[in-house]
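Visitor: I am new to this structure and would like a close look at a single part of it, the larger picture coming only afterwards. Could you take me through one sheet with care, and then show me what else there is to see?

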Amino acid sequence: MAVQKLYAGAKLRELRTRLGLTQKDFAAKLGVSLPYLNQMENNNRPVSTTVVLGLAQEFGFDVTELSTGDAERLVSDMREALADPVFTDSTPPLADLRLAASNAPALARAFLDLHRSYRQTHERLASLDEALGQSGTPTAASPWEEVRDFFHYCDNYIDAMDRAAERFAAQATSDLASHTEELLRARGITIRRAAGEGVRHYDTASRTLTLSPRAAPETQRFQLLHQYALLEQAQLLEATLDLARFQSDTARAIAQIGMANYFAGAVLMPYTRFAEAAAETRHDLERLSIQFDASIEQIAHRLSTLQRPGAKGVPFFFTRVDQAGTITKRHSATRLQFARFGGACPLWNVHSAFETPGRFLRQLAETPDGVRYVILARDVSKTGGAWNSPTRRYAISLGCEVKHAGALVYADGLDLTSASSFQPIGISCRICERVGCHQRSVPPLERKLSVDPNHRDTLPYEIER
């Protein structure tokens, strides 16, 4: 049987450091040359029999500690950790793991500690998800969340799709609705208006597109463009979806709808022309709505997508909330983020928009991280188009950091210099650290509470600082 060579450079360095010796002095005591010791400490050469004897005789060192068992255990543990899907295709070769375990065991242990901490945190968050009512597999993002994160990390701007939409709008020979209908009919698609099949329905067998005559003209135009994107921009859609590498067919299908919606909105409001108009009107939503024949919600959403490299607009956050306070649309190009669970902070003016239909509400607000915002809110009603059809009511919110207030007509007349003008808001009660909020619904996660049965303030408990 071949004798296994012993590489124990880390142990040699550890012992020498513990003894407070230089490499020169340590080499002299072991009876080896300085270059030879240096090579052994860097695992370029195995530990010689002379060195093993010198360690035992000169320093009384237990030579069994030079065993490679510890390094092999580190290698095994690292291989197991690197099997975690979080590392995807980045697994290093076994030789690199052995080098790390032998030459840098402290770094290897730090890596293992970090991964262990990550797993514990991940499992803990999964437990919180389950406790907060998350359904399905707690450790995997839902398809909706996966798609939302995709658009979020793209800054809600898809360059190839946006530029294709801009080219389409520039080539329109008539109004967009008529131009789109002409193109679809030229490709053998029949277009009809009939109630009872939803807002839009496309029959792939008969190649018939049915639009609801009850829908507003701007909605019908949007749905025409949406269907055009699905049919005539399919190659671009598929290429973009391939790059996104969604984890499920459901997420891919949801993203496909989102991409088609994106194309439709970008055709109605071509990037360059819309960005120039937004700057010229100082982001006046009503003027932009008239100029581009789009709804207030479409205008607000489009403003949040103006993130083209080299031609970025004001970074906005945009959100849509239903009457129960649930966020149904959200995007942020600002530092403001949204909670995954629960509704928006009750102190946001978006909730008050339902009480003042048809009016814009303005708010100066400050988040717990000290960032200040100008926030605009307004209700949005979507009628069903008939007496007995339900009306869907939402409120939308559009905001930017106060440093961009000069570009926003809605900031005119507001006192931006006084701290008292800014209302303290949070993201959601569960993750908000504010202690004295009178609208708090639940205590913040991971904060200790003090409960005194003999004292009651706004809340039945106190949050320890």
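Guide: In this predicted model, six strands come together as an open sheet, and reading across the sheet gives the order β5-β4-β8-β7-β6-β9, with pairing that is mixed. At the edges stand β5, residues 327-332, and β9, residues 423-424, and because each of them has a single partner strand, one side of each is left without a neighbour in the sheet. Further in, strand β7, which covers residues 372-382, and strand β8, which covers residues 392-401, run antiparallel and are joined by ten bridges. To follow one of these pairings by eye, start from S381 and look across to β8, where its bridge partner is R393. A helix also packs on this sheet: α16, residues 296-303, touches β4 (317-322), β5, β7 and β8, and its direction makes about 30 degrees with that of β8.

Going back along the chain from α16, you reach the loop that lies between α15 (285-292) and α16, and in this loop sits D293. The backbone of D293 deserves a pause, since its phi is positive, at about 50 degrees, although D293 is not a glycine. With a relative accessibility of 45%, D293 counts as partly exposed.

A second sheet can be set beside this account. It is an open sheet of three strands, arranged in the order β1-β3-β2, and here too the pairing is mixed. Its edge strands are β1 (190-193) and β2 (200-203), each of which pairs on one side only. From one strand to the next, the twist averages 15 degrees. Strand β3, residues 208-211, runs antiparallel to β2, and four bridges join the two. Within this pairing, R200 stands opposite L211 in β3. Helix α11, residues 217-232, packs on this sheet and touches β1, β2 and β3, its direction making about 30 degrees with that of β2. The loop between β2 and β3 holds R207, a residue other than glycine whose phi is nevertheless positive, near 55 degrees. R207 is partly exposed, its relative accessible area being 33%.

There is also enclosed space to consider. A search of the whole structure finds one cavity of 30 Å³ or more, and about 80 Å³ of space lies in the largest cavity. Its lining includes C345, P346 and L347, as well as I425, G426, I427, S428 and C429, with C432, R434, C437 and R440 also taking part. Sorted by class, the lining of this cavity has eight nonpolar, two polar and two charged residues.

Towards the start of the chain, helix α1 spans residues 9-19, and within α1 the residues G9, A10, L12, L15 and R16 are buried. Just after α1 comes G20, which takes a positive phi of about 75 degrees.

To place these parts in the whole, the chain has 16 helices and eleven strands, and 41% of its 465 residues count as buried. Among the contacts in the chain between residues at least 6 apart in sequence, 56% join residues at least 24 apart.

Definitions and conventions. Residues are numbered from 1 along each chain as its sequence is written. This is a predicted model: local features need pLDDT of at least 70, side-chain atom pairs count only at pLDDT 80 or more; totals for chains, interfaces and linings use all residues. Side-chain values use heavy atoms; hydrogens and water are left out. On a 1 Å grid over the protein atoms alone, a cavity is a set of points where a 1.4 Å probe fits but cannot get out, and a pocket is an open set with protein on both sides within 12 Å along at least five of seven lines; lining residues have an atom within 4 Å of a point. Grid points are joined across faces, edges and corners, and a volume is the space filled by probe spheres set on the points. Ala, Val, Leu, Ile, Met, Phe, Trp, Tyr, Cys and Pro count as nonpolar, Asp, Glu, Lys and Arg as charged, and the others, Gly among them, as polar. Buried means under 20% relative accessible area, exposed over 50%, partly exposed in between (1.4 Å probe, protein chains only). Two strands pair if DSSP finds at least two bridges between them. Axes are lines fitted to C-alpha atoms, for helices over the stretch in contact, and angles run from 0 to 180 degrees between N-to-C directions. Contact means heavy atoms within 4.5 Å.
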